[in-house]
Amino acid sequence: MMLHNHHTNFYAIPGTEKVAAVVMQNSEEVDASTAELAHIMEAASAILEEMSGTVETLTEDSKTIASAIQETTGKAEALREV
C-alpha cells in the first residue's frame, strides 16, 4: 500500500479508526473546554464591570468626603479666628 496514492482509503491503514476516534474525542473535549472557558470569561467580564462601577462610586465618594473635610476645616479655622 502506497500512502502517497490519493486513492488510498485512509481507514484501510491499520489502527486508523482508533486514531480517528481518539482525535474526535479530543476534539469534542476541546470544544467543551472552549465553551466552558467562554462562560468563565463572560462571568469574569461581568465581575470586572461591576468592580469598575464600584471603583467609580468609591472615587466619587472619596471626592465628596475630601470636599466635606475641606469645608469643615475651613469652618473650624473661621471659628478659631472668632
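## Exercises on a one-helix chain

Searching the whole structure turns up two salt bridges. The model is a predicted one, so keep that in mind as you work through the exercises below.

**Exercise 1.** Work out what the secondary structure of the chain comes to, and what share of its residues is buried.

*Solution.* Start with the elements: there is one helix, and there are zero strands. Helix α1 covers residues 16-81. Next, turn to burial: of the 82 residues in the chain, 2% are buried. Finally, look at the surface: the chain exposes about 7,400 Å², and carbon and sulfur atoms supply 63% of that area.

**Exercise 2.** Find the partner of K63 in a salt bridge and describe how the pair sits in the helix.

*Solution.* First, the partner is E60, with the closest N and O atoms 3.8 Å apart. That falls within the 4 Å cut-off for a salt bridge. Second, K63 and E60 both belong to helix α1 and are three residues apart, about one turn of the helix. Third, E60 has 45% relative accessibility, so it counts as partly exposed.

**Exercise 3.** Why are E71 and K75 separated by about one helical turn?

*Solution.* Begin with the contact: the side chains of E71 and K75 meet in a salt bridge, at 3.1 Å from N to O. Now count along the chain: the two are four residues apart in helix α1, and therefore about one helical turn separates them. Last, check E71 itself: its relative accessibility is 46%, so E71 counts as partly exposed.

**Exercise 4.** Which residues make the nonpolar surface patch of about 310 Å²?

*Solution.* The patch is made by L37, I40 and M41. Take L37 as the one to inspect: its place is in helix α1. With 47% relative accessibility, L37 counts as partly exposed. This value is over the 30% that a patch residue needs.

Key:
Residues are numbered from 1 along each chain as its sequence is written. This is a predicted model: local features need pLDDT of at least 70, side-chain atom pairs count only at pLDDT 80 or more; totals for chains, interfaces and linings use all residues. Side-chain values use heavy atoms; hydrogens and water are left out. Patches are made of residues with over 30% relative accessible area and no salt bridge: like charges are joined within 9 Å, nonpolar side chains (Val, Leu, Ile, Met, Phe, Trp, Tyr) within 5 Å. Accessible areas come from the Shrake-Rupley method with a 1.4 Å probe; for residues, only the protein chains shown count as cover. Buried means under 20% relative accessible area, exposed over 50%, partly exposed in between (1.4 Å probe, protein chains only).
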